[in-house]
Amino acid sequence: MFINIIFVLINIFLFINGLLPFRSNNEQYVNVPYKTQQFSVSKIDRTVIMIVDAIRTDFVSHNLMPLTTKLVKEHGCVINVSVSSPTVTLPRIKSLITGSIPQFMDILHNLGSTQVLEDSLLHKARKRNNQILFHGDETWLKIFPSDMFLRYTGTTSLYVKDFYEVDSNVTKNLNLELEKNDWNIMILHYLGLDHIGHVHGPFSHLVPPKLHEMDLIFSRIFKSLSQNKNLSSLVILTGDHGMRDTGGHGGSTYSETHVPFVVLGVPCVNGLIDQVDIAPNLAILLGLEIPSLSIGKLTQLLLKNLTADQYASALYYNAELLSKKYGGNGSEFESISKMYRSYMEKKDENAALHLIEMCTKYSEKASRTLREASTQQDLNAMILSVICLLYALITHLKGSELFKRNVFNYIFYLSIPLLGMVSKNEFVVIPVLIASVFQITGLPKFKIERNNLILVFSIFFQPITWLSSSLIEEEHEFWYFMLNTFLVIQILKTLKKKDFTSCIVWFSIGISFRFAETLNQMGDKWSSLPDTADLLLKPQNYLLHITLLCFSIFNIYYFCLKYGKSLYHLEKIILFLVFIYKLSSPDNFILARIIYLLLAVYLALGLDYLNSWILLIALLSKSYNLCLIPLSVYTSRQIFNEDKMKVGVSSTCLHLIMIKSLFFMQGTGNTIASIDVSVGYTALTNYNPMFVGAQLLINTYSSTILMHLLLYKSENTKSFFRLVYTERLYSTIVVFIVSIIFRNHIFIWSVYAPKLCIECCHTLVLIVEFLFYVFISSVSKKLKVMWK
């Protein structure tokens, strides 16, 4: 079994690397030609690029940023910038300054990248001996060499509970730099707005004051630079990504993928551009070379100050760079080159206009094609991974390996994926196909009772619906329907038996789950609408919020903790401290650390894993989500009572339906943006990738592990894991196949790739759980032998 799990893990990595490649920066820059000539338009002495993290296009309005909107009318323009997924900081910074589309796996690097870029707009500026300053998000300092900036300070971007100090430090340095004249380019990256969005959302009362603060800063920068008439200045305000209506970012909603690009100091026109277009256009404005990785196109929206001759030459320069990467029809660019040479000889105005038209059409076509082909995928590796997982599933169902001697099984399991990584030959799949055929022939017959057919069918049918992107976005509707259907059936059963006590119990459970479904608005269509959690968090509903919190804490003890081991009433003390923590400020890291310490003592001395897990997720969960814990535990006990306290197919399937439903009820969906980042900083005062990642994983899959622990404590543990592991392998295989089918779909990065990551993480969590259960079982057996 252990080697089967290792085999599964290797193939999950192989598939993800095939669809979402892990490429180094060195690999990205191979054979990319650099343009050595310089194209200078006009002298801009000083440029300030002010990035407000997570600013949306609708935030730049007369009501929220009056000074900025007034300056736009008098001195510039505001352009709507379209941003690609994933909408997280690191890949968006790379896109902003290189003009390229980074890999999707940069979303993981966003939690702590140390990859240094080899070419960008800033590299071209340093090549021209421009002095560059930076103050703000420390992500910039991780992707640029240390000698890039004349002066710099970094602020922690991932500690999302800091709304004010993280910005005041940037402004303090800004005030000092405005008094000096030894710099050419200054970059400021403000994080406070993004942090507010993560914790409270875009409609929080904290957002308008923060935007007013940014408005004042941007206005002061422009006025300060404008005072020196001897120096020409360019001042820009933009965002790396937007913010979705429910808070956070990472998805592909309009509010996440559209940011403002405010330009003051040069002639420009309002309009719409792609984020990859910013780097080449800024390069022309500043008289710099275009970054070698740029796949963006030039636009007259930003280059209004160019003459027809200058604009034609700039367009040809960019088209030539694009042609080196695009390839396409060689004769197409050759005709443009001939036209350019002819124009350079005659300098005819009509020829210039014709050249502009030809270069514009070619650049748009080349840029669009390069954006679509920005991620090169390894189809052979993906297909091999799917077939290998099918073999692992068949072997798991059969219950025996292909070879009698384990050494041959080890060689087979390890050699096939390694061959897939090294060799790009599609014939590597043939041995796995042959082995799968041999394994299928010996599969035992599975008998499923009629009563369980609908449950089993629903669980194994649902992943097929992932062929529709809309059904991935609205997946919660399916599981809510299945859970409510089961509860209605239970109510009807008890009425038929005239067991009115059980009927009232199941009816109460049904009402409670219906309320839980309203706590967090899920899906894509209705996510912007207010939910119960939004109502509870309003100041006027504080009493109602506290009532629900008290009710939840009491039920956690009454339905959960009192059935476990009591260690000097320590579990009651921990639960009371959790209650105090929920009432206090989320920045109360001292109390959170005390709870962690007491929880460690309780776990070490009591060895009650179920109650320890309940207390841990109670600490990490949002206060309004605490009611889900006693509800899920009590429902699980009722299911076991119906099944005579044994884990059978029906009870395991019902727990799987609850796992899926609770996953969405707690506010986690099939998008990266739905993950509550603020939970990762519980008990922390600064960013620690290991602890933040662990707490995010625990919170995301809290209900999943809770249901598994309840199943584990039952009698037939082997039966439980057999079915759950089968469901996980099957779901992973289906999401792999769906990802292959839609690998070139427009929603691959916004819908299918996040779903792939969520399902793979779910599988990894189950594997870690299984290894934990095996470890606990072996330790328990040894202790029993020692005791005897």
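This passage describes the internal cavities, two unusual backbone angles, the packing of some helices and one long-range pair in a predicted model.

The cavities are taken up first. Rolling a probe the size of a water molecule over the atoms shows where empty space is left. The structure holds five cavities of 30 Å³ or more. The largest of them has a volume of about 110 Å³. The second largest has a volume of about 70 Å³.

The lining of the largest cavity begins in sequence with Glu475. Ile659, Lys660, Phe663 and Phe664 also belong to this lining, together with Asn670 and Thr704. Arg728, Lys755, Ile758, Glu759 and His762 complete the list. Two helices stand out as suppliers. Both α29 (649–665) and α33 (748–787) contribute at least two residues each to the lining of the largest cavity. By class, this lining is mixed: it has five charged, four nonpolar and three polar residues.

The second largest cavity has another set of lining residues. Ile49, Ile51, Leu96 and Ile97 line the second largest cavity, as do Leu121, Trp140, Ile187 and Ile236. Thr238, Phe261, Ile278 and Leu282 are also in its lining. Strands and helices both take part. At least two lining residues come from each of the strands β1 (46–52) and β6 (233–238). The helices α4 (89–98) and α12 (278–285) likewise supply at least two each. By class, the lining of the second largest cavity has 11 nonpolar residues and one polar residue. Charged residues are absent from the lining of the second largest cavity.

The backbone comes next. Most residues other than glycine have a negative phi, and most peptide bonds are trans. Asn129 has a positive phi of about 65°, although this residue is not a glycine. Asn129 sits in the loop that joins α6 (121–127) to β3 (132–137). Its relative accessibility is 60%, so Asn129 counts as exposed, the cut-off being over 50%. Lys498 also has a positive phi without being a glycine, with a value near 60°. Lys498 is placed in the loop between α21 (475–496) and α22 (500–517). Because its relative accessibility is 65%, Lys498 counts as exposed as well.

Helix α29 also appears in two helix packings. In one, the partner is α28 (residues 628–642): the axes of α28 and α29 come within 10 Å and cross at roughly 170°. That angle makes α28 roughly antiparallel to α29, because angles over 145 degrees fall in that class. The crossing of α28 and α29 is right-handed. In the other packing, the partner is α21. The axes of α21 and α29 are 9 Å apart, and the two helices pack at an angle of about 135°. The two helices are therefore oblique to each other. The crossing of α21 and α29 is left-handed.

One long-range pair closes the account. Ser204 lies in the loop between α9 (192–200) and α10 (207–226). At 11% relative accessibility, Ser204 counts as buried, because this value is under 20%. In sequence, Ser204 and Lys538 are 334 residues apart. In space, their C-alpha atoms are 9.8 Å apart.

How values were computed. Residues are numbered from 1 along each chain as its sequence is written. This is a predicted model: local features need pLDDT of at least 70, side-chain atom pairs count only at pLDDT 80 or more; totals for chains, interfaces and linings use all residues. Side-chain values use heavy atoms; hydrogens and water are left out. On a 1 Å grid over the protein atoms alone, a cavity is a set of points where a 1.4 Å probe fits but cannot get out, and a pocket is an open set with protein on both sides within 12 Å along at least five of seven lines; lining residues have an atom within 4 Å of a point. Grid points are joined across faces, edges and corners, and a volume is the space filled by probe spheres set on the points. Helices (H or I, at least four residues) and strands (E, at least two) are DSSP runs, numbered from the N terminus. Ala, Val, Leu, Ile, Met, Phe, Trp, Tyr, Cys and Pro count as nonpolar, Asp, Glu, Lys and Arg as charged, and the others, Gly among them, as polar. Buried means under 20% relative accessible area, exposed over 50%, partly exposed in between (1.4 Å probe, protein chains only). Axes are lines fitted to C-alpha atoms, for helices over the stretch in contact, and angles run from 0 to 180 degrees between N-to-C directions. Angles under 35 degrees count as roughly parallel, over 145 as roughly antiparallel, 65 to 115 as roughly perpendicular and the rest as oblique. A crossing is left-handed if the near helix is turned anticlockwise from the far one by less than a right angle, and right-handed if clockwise.
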